[in-house]
Amino acid sequence: YPLVGYKKGRLTLDGSWEEYHDVVVETMKNAEYSLVSDEDGVMKFRSDRVALRISRMWEDAITFTPAAAGLHVEVDGRYRDTTRVISAIYYNYRMHHPQTEE
């Protein structure tokens, strides 16, 4: 990826990566991205919008790569997209897994 406009974000996990799988897929679907590959826990999504893909010269992929320790997931893609997606995943995960107050 080019240096400007792209970054690797970090999604810190409260549970296991498997617990996040469905939430990530649902969040990305709502953001108009389709799952292209899902191998060894690494998930790669591409935009469903043709105009967006053309305007970004097909550099529209967002990739989720779990860390070896299992404590976080690296989210690689355009800066604005990764930031927005990470925030949406945190929100959707909290809605699907409410915390009990003690």
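Helices here are DSSP runs of H or I with at least four residues, numbered from the N terminus. All the close-ups below come from a predicted model.

**Close-up 1. Thr82 sits in helix H3.** Is this threonine, Thr82, buried or exposed? Thr82 is buried, because its relative accessible area is 0% and the cut-off for buried is under 20%. What does Thr82 touch, once neighbours within four places in sequence are set aside? Its contacts are then Lys7, Val75, Asp76 and Gly77.

**Close-up 2. Asp81 and Arg84 pair up within helix H3.** Their side chains form a salt bridge, with 3.3 Å from N to O. The two residues are 3 apart in the helix, so about one helical turn separates Asp81 from Arg84. The two ends of the bridge get different labels for accessibility: Asp81 is buried at 6%, while Arg84 counts as partly exposed at 40%.

**Close-up 3. Glu74 and Lys8 make a salt bridge between two strands.** Side chains of opposite charge can pair when their charged atoms come close. For Glu74 and Lys8, the closest N and O atoms are 3.9 Å apart. That still makes the list because the cut-off is 4 Å. Glu74 belongs to strand S5 (residues 72-78) and Lys8 to strand S1 (residues 6-12), so this bridge ties together distant parts of the chain, 66 residues apart. As for accessibility, Glu74 is partly exposed at 29%, and Lys8 is exposed at 57%. How many salt bridges are there by this rule? The count comes to 2.

**Close-up 4. Thr27 is tucked into helix H1, as a buried residue.** Helix H1 covers residues 17-30. With a relative accessibility of 4%, Thr27 counts as buried. Where does the side chain of Thr27 reach? It goes to the backbone oxygen of Val23, at 2.7 Å. Leaving out residues up to four places away in sequence, Thr27 also touches Val85, Ala88, Ile89 and Asn92.

**Close-up 5. Trp17 stacks on Phe64.** A pair of aromatic rings is described by the distance of the centres and the angle of the planes. The structure holds 3 aromatic pairs. In one of them, Trp17 and Phe64 are 6.3 Å apart, centre to centre, with 25° between the planes, and the pair is stacked. It joins distant parts of the chain: Trp17 lies in helix H1 and Phe64 in strand S4 (residues 62-66), 47 residues apart. Both partners are out of the way of solvent by the accessibility rule: Trp17 is buried at 9%, and Phe64 is buried at 0%. There's a third ring to look for here too, as ring pairs link Trp17, Phe45 and Phe64 into a cluster.

**Close-up 6. Tyr20 and Tyr93 form a stacked pair.** The ring centres of Tyr20 and Tyr93 are 4.0 Å apart and their planes meet at 5°, so this pair counts as stacked. Which elements does the pair bring together? Tyr20 comes from helix H1 and Tyr93 from helix H3 (residues 79-96), with their positions 73 residues apart along the chain. Tyr20 is buried, at 1% relative accessibility. Tyr93 is buried as well, with a relative accessible area of 5%.

Technical notes. Residues are numbered from 1 along each chain as its sequence is written. This is a predicted model: local features need pLDDT of at least 70, side-chain atom pairs count only at pLDDT 80 or more; totals for chains, interfaces and linings use all residues. Side-chain values use heavy atoms; hydrogens and water are left out. Buried means under 20% relative accessible area, exposed over 50%, partly exposed in between (1.4 Å probe, protein chains only). A polar contact is a pair of N or O atoms within 3.5 Å; within protein, one must be able to donate a hydrogen and the other to accept it, and residues adjacent in sequence count only if both atoms are side-chain atoms. Contact means heavy atoms within 4.5 Å. Rings of Phe, Tyr and Trp (its six-membered ring) pair if their centres lie within 6.5 Å; planes under 30 degrees apart count as stacked, over 60 as edge-to-face and the rest as tilted.
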